[in-house]
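Got your viewer open and a hand on the mouse? Let's take a walk through this structure, one selection at a time.

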Amino acid sequence: RFGIPLGNSFCVWEDGEEYAIDPASFASMGRSTPFAGWRVRGRCILTVCEGCVVYDAGVLARREERIR
């Protein structure tokens, strides 16, 4: 849409959403962040890595569930 070549790996962001960073909602077990509680704008809603959907609207796909 913007003339940027996407290739096989890209992310789609919702830039209008504002929320507070909550380490309890992280997908990883590592929850240490200096940004806990910060209000930020923009949230990743889709991540495609090498042609496979690995993250879709808050759900992290397990390796065996990745969609090509």
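What follows is a tour that goes from the whole chain down to single residues.

**Stop 1: the whole chain**

Before you click anything, keep in mind that you're looking at a predicted model. Now show the protein chain as a cartoon. You'll find zero helices and four strands, so reading from the N terminus the pattern is simply β-β-β-β.

Switch on the surface for a moment. The accessible surface adds up to about 5,700 Å², and carbon and sulfur atoms own 55% of that. How much of the chain counts as buried? Of its 68 residues, 13% do. If you look at contacts in the chain with a separation of 6 or more, 42% of them link residues 24 or more positions apart.

**Stop 2: the sheet**

Hide the surface and color the strands. The four of them make an open sheet in the order 1-2-3-4, with antiparallel pairing. Which strands stand at the edges? Select 10-20 for strand 1 and 59-60 for strand 4: these two are the edge strands, and each has a single partner strand, so one side of each has no neighbour in the sheet.

**Stop 3: strands 2 and 3**

Next, select 39-49 and 52-56, which are strand 2 and strand 3. They run antiparallel and are joined by four bridges. To see one of the pairings, show V48 and V53: V53 in strand 3 is the bridge partner of V48.

The hairpin made by these strands has two residues between them. Pick E50, which lies in that loop. What is odd about its backbone? E50 has a positive phi of about 50 degrees, even though it isn't a glycine. That's worth a pause, because most residues other than glycine have a negative phi. Is E50 buried or exposed? With a relative accessible area of 58%, E50 is exposed, because the cut-off for that is over 50%.

**Stop 4: V48 and T47**

Stay in strand 2 and show V48 as sticks. V48 counts as buried, with 9% relative accessibility. Leaving aside residues up to four places away in sequence, V48 touches N8, S9, F10 and V53. Now measure in your viewer from the C-alpha of V48 to the C-alpha of V12: these residues are 36 apart along the chain, yet the two atoms are separated by 8.7 Å.

Step back to T47, also in strand 2. T47 is buried too, at 17% relative accessibility. Which residues does T47 touch, again skipping those up to four places away in sequence? The list is F10, C11, C52, V53, V54 and Y55.

**Stop 5: strands 3 and 4**

Move on to strand 3 and strand 4. Two bridges join them, and they run antiparallel. Show D56 and you'll see V59 of strand 4 opposite. Then show Y55, whose bridge partner in strand 4 is L60. These strands form a hairpin too, with two residues between them. Click on A57 in the turn, which has a positive phi of about 50 degrees.

**Stop 6: the cysteines**

Select the cysteines and show their sulfur atoms. How many disulfides are there? The count is zero. Start with C44: the closest cysteine sulfur belongs to C11 and is 4.4 Å away, which is too far for a bond because a disulfide needs the sulfurs within 2.5 Å. C44 is buried, at 15% relative accessibility. Then try C49: the closest cysteine sulfur there is in C52, at 7.5 Å, again too far for a bond. C49 counts as partly exposed, with 39% relative accessibility.

**Stop 7: the rings**

Last stop: the aromatics. The structure holds one aromatic pair. Show F35 and W38: their ring centres are 4.8 Å apart and their planes sit at 80 degrees, so this pair is edge-to-face. Both members are partly exposed, F35 at 38% relative accessibility and W38 at 48%.

To finish, show Y19 and R43. What lies over the face of Y19? It's R43, at 3.6 Å from the ring centre.

Key. Residues are numbered from 1 along each chain as its sequence is written. This is a predicted model: local features need pLDDT of at least 70, side-chain atom pairs count only at pLDDT 80 or more; totals for chains, interfaces and linings use all residues. Side-chain values use heavy atoms; hydrogens and water are left out. Buried means under 20% relative accessible area, exposed over 50%, partly exposed in between (1.4 Å probe, protein chains only). Contact means heavy atoms within 4.5 Å. Accessible areas come from the Shrake-Rupley method with a 1.4 Å probe; for residues, only the protein chains shown count as cover. Two strands pair if DSSP finds at least two bridges between them. Rings of Phe, Tyr and Trp (its six-membered ring) pair if their centres lie within 6.5 Å; planes under 30 degrees apart count as stacked, over 60 as edge-to-face and the rest as tilted. A charge sits over a ring if NZ of Lys or CZ of Arg is within 6 Å of the ring centre and within 35 degrees of the ring normal.
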